[in-house]
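Colleague: I have some questions about the terms used for this structure. Can you take me through them?

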Amino acid sequence: MADKSKITPRAENFARWYLDVIQQAELAESAEVVKGCMVIRPHGYAIWERLQAELDSRFKATGHQNAYFPLLIPMSFIKKEAEHVEGFAPELAVVTIAGGETLEEPYVIRPTSETIIGYFYAKWIKSWRDLPLLINQWANVVRWELRTRMFLRTTEFLWQEGHTAHATQQEAEEEARRMLDVYADVAENIMAMPVIRGIKSQAERFAGATRSFCIEAMMQNGLALQAGTSHELGQNFAKAFEIRFQNKSGELEFAWQTSWGVSTRLLGGLIMSHSDDRGLVLPPKLAPVQAVIIPIYRKDEERSAVLEKVQQLTSELRAAGVAVNADDREGYTPGNKFFHWEQHGVPVIIELGPRDLAVGNVVFRRRDAAEKQTVPAEGLAAVVVRTLDQMQTEMLEAARKRRSDNTVLAGSLEEVRAILESATAEKGGGKFVMAHLKDDKACDARLKEFKASVRCIPLEDHYDGPGKCIITGETVPHRVVIAKSY
RNA sequence: CGGGGCGUGGCUCAGCCUGGUAGAGCACCUGGUUCGGGACCAGGGGGUCGGAGGUUCAAAUCCUCUCGCCCCGACCA
């Protein structure tokens with residue numbers, strides 16, 4: 001049989017591989033008739049729902065409540081915070097006509113909700129007793145980006161945005177850090193995607209924030225992906241929207257705020273962290289279907305005996321807490337089914353045919369392993385549970401190793417340039433370059449010359465402490481992450 | 001917004017240059033044989049060729065206008 005692979009190998013063209021994986025796994029497709037937008041298909045949405053569940057339970061456990069604010073925001077709101085307008089104005093979609101009439105004041109479709117939420121927080125917050133106010137919103141937002149990429153940057157995307165208000169700057173900082181830790185926990189322990197927690201440089205900070213924290217992940221092509229952000233907003237929006245409370249001494253104070261978010265971009269990160277040339281690879285804790293059993297038979301009597309055993313094993317696995325699916329579809333050969341589930345990223349594929357039935361075995365294949373193995377049908381559930389567990393751990397380890405293999409030190413701007421200049425999303429070759437660099441917009445600008453940027457100033461220094469900035473020569477506390485990014 | 005590409009069955013595309021009965025592969029439906037890594041054979045359904053206008057006896061094909069999408073760059077979760 002000729003090569004029927006529908007997935008471009010990573011080494012040939014990483015960007016095309018990424019799109020092929022999405023298509024073959026039926027995660028999403030272009031919305032075609034709506035520029036820059038995408039349709040998230042059931043399998044992709046099921047993974048998003050798993051992510052939502054993991055995140056949402058952690059938000060609740062840290063005291064947050066969900067709420068919902070309008071999609072449309074009065075234009076004037078966006079303009080109230082100077083940096084915020086400047087940051088978002090170019091990418092706003094605006095509603096100017098509604099009900100057949102030109103609106104007196106246009107609405108913008110929310111690119112993020114700090115402003116509309118700020119308006120209501122001003123009404124809700126009067127006293128120190130009203131604080132902290134801890135709210136999260138699951139929503140869609142629209143940003144009119146010039147260049148879109150499936151999951152990574154679409155015109156409309158799904159996300160959650162947390163918006164909190166606190167009585168003190170310190171509480172707000174603790175909140176921003178706490179949620180960053182929640183994001184890192186989900187990224188690493190659920191998505192098996194290692195991240196660096198850090199602070200955004202001045203140049204990369206969120207429009208309107210005093211400080212932005214982030215988690216940065218490395219994709220298989222070495223490019224960086226900002227996987228989540230958590231911002232200290234200081235009193236910027238509080239001042240713009242007059243969010244004031246009376247403190248215990250009876251004085252009026254502006255509230256201290258945070259906002260934090262992760263989006264469907266995480267699915268892009270997930271794909272580019274683990275998947276291979278055969279298709280999607282999902283970490284077991286995130287896989288909507290963790291195991292599939294494929295029955296194999298020819299004659300009718302084989303069929304009934306095999307299917308009976310498959311049903312029994314399915315029940316046992318389910319009882320052990322495994323999300324299992326028996327693929328008893330008629331009219332597809334087993335080979336066809338193997339490919340199907342492999343491309344869809346199912347962590348464990350089990351096959352059972354007359355030969356296995358005769359000796360009480362099943363054939364078993366871990367998605368990220370090269371070889372099949374044969375195991376006894378008796379006690380299969382325990383083996384699957386253990387395997388899923390191991391796979392989760394090993395996927396994170398593998399991703400960590402790849403990141404560390406592709407992280408290098410640099411001592412001069414020319415060295416950074418030489419390492420990163422030729423890296424692209426298509427051809428790969430990206431690295432995390434650790435270098436000493438002053439947190440100054442002028443320094444960031446020099447990296448732009450070769451399309452790299454400061455991804456973050458890590459919160460923890462795993463290198464060699466202070467050193468001289470590769471541009472200004474001034475001493476800075478520790479190395480920053482420089483990379484090309486999505 | 002600059003540069004490039006493309007709109008033809010569900011999908012990927014050929015046909016266009018040189019106008020003359022709308023095609024292929026995949027997918028789909030039916031029947032049979034198959035079934036341990038993308039099965040095979042036979043039969044079958046499905047397209048106002050992105051849209052409008054023009055030239056012509058005749059337009060998927062030539063001309064004009066128009067709409068949309070994709071890719072590359074500048075901007076960005």
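Modeller: Start with a definition. A residue is near a strand if one of its heavy atoms lies within 4 Å of it. Keep in mind that this is a predicted model.

Colleague: Which element gives the largest share of the surface near RNA strand B?

Modeller: Helix H10 does, with 7 residues. H10 covers residues 334-343.

Colleague: What makes H10 a helix?

Modeller: A helix is a DSSP run of at least four residues. H10 runs over 334-343, so the run meets that cut-off.

Colleague: Which residues come nearest to RNA strand B?

Modeller: Arg-147, Arg-153, Thr-154, Arg-265 and Arg-365 do, out of 40 residues around the strand. Of the RNA atoms that come within 4 Å of the protein, sugar and phosphate make up 44%.

Colleague: How many residues of that surface are charged?

Modeller: There are 19 charged residues, with 10 polar and 11 nonpolar ones. Arg counts as charged, so Arg-147 belongs to the charged class.

Colleague: Why is the pair between Lys-372 and RNA strand B called a polar contact?

Modeller: The cut-off for a pair of N or O atoms is 3.5 Å. An N or O atom in the side chain of Lys-372 is 2.5 Å from a base nitrogen of the RNA. The pair is therefore a polar contact.

Colleague: And what does Gln-343 reach with its polar side-chain atom?

Modeller: A base nitrogen of RNA strand B, at 3.4 Å. That is within 3.5 Å, so this pair counts too. Glu-145 has a polar side-chain atom 2.9 Å from a sugar or linking oxygen of the RNA.

Colleague: Now strand S22. Why is S22 called mostly covered?

Modeller: Buried means under 20% relative accessible area. In S22, residues 453-458, 6 of 6 residues are buried.

Colleague: How do you know that S22 pairs with S9?

Modeller: Pairing takes at least two bridges. S9 (residues 196-199) and S22 have 2 bridges, so they pair, in the antiparallel sense. Ile-199 stands opposite Ile-457 in S22.

Colleague: What about S22 and S25?

Modeller: They are joined by 3 bridges and run antiparallel. That meets the cut-off of at least two, so they pair as well. Cys-456 has Val-481 in S25 as its bridge partner.

Colleague: Last one. How do you know that domain 1 and domain 2 are in contact?

Modeller: Contact means heavy atoms within 4.5 Å. By that rule, 7 residues of domain 1 touch 4 residues of domain 2. The C-alpha centres of the two domains lie 40 Å apart. Domain 1 spans 14-274 and domain 2 spans 291-394.

How values were computed. Residues are numbered from 1 along each chain as its sequence is written. Chains are lettered from A and ligands numbered from 1 in the order in which they are written. This is a predicted model: local features need pLDDT of at least 70, side-chain atom pairs count only at pLDDT 80 or more; totals for chains, interfaces and linings use all residues. Side-chain values use heavy atoms; hydrogens and water are left out. Buried means under 20% relative accessible area, exposed over 50%, partly exposed in between (1.4 Å probe, protein chains only). A polar contact is a pair of N or O atoms within 3.5 Å; within protein, one must be able to donate a hydrogen and the other to accept it, and residues adjacent in sequence count only if both atoms are side-chain atoms. Domain bounds come from an automatic or database domain assignment.
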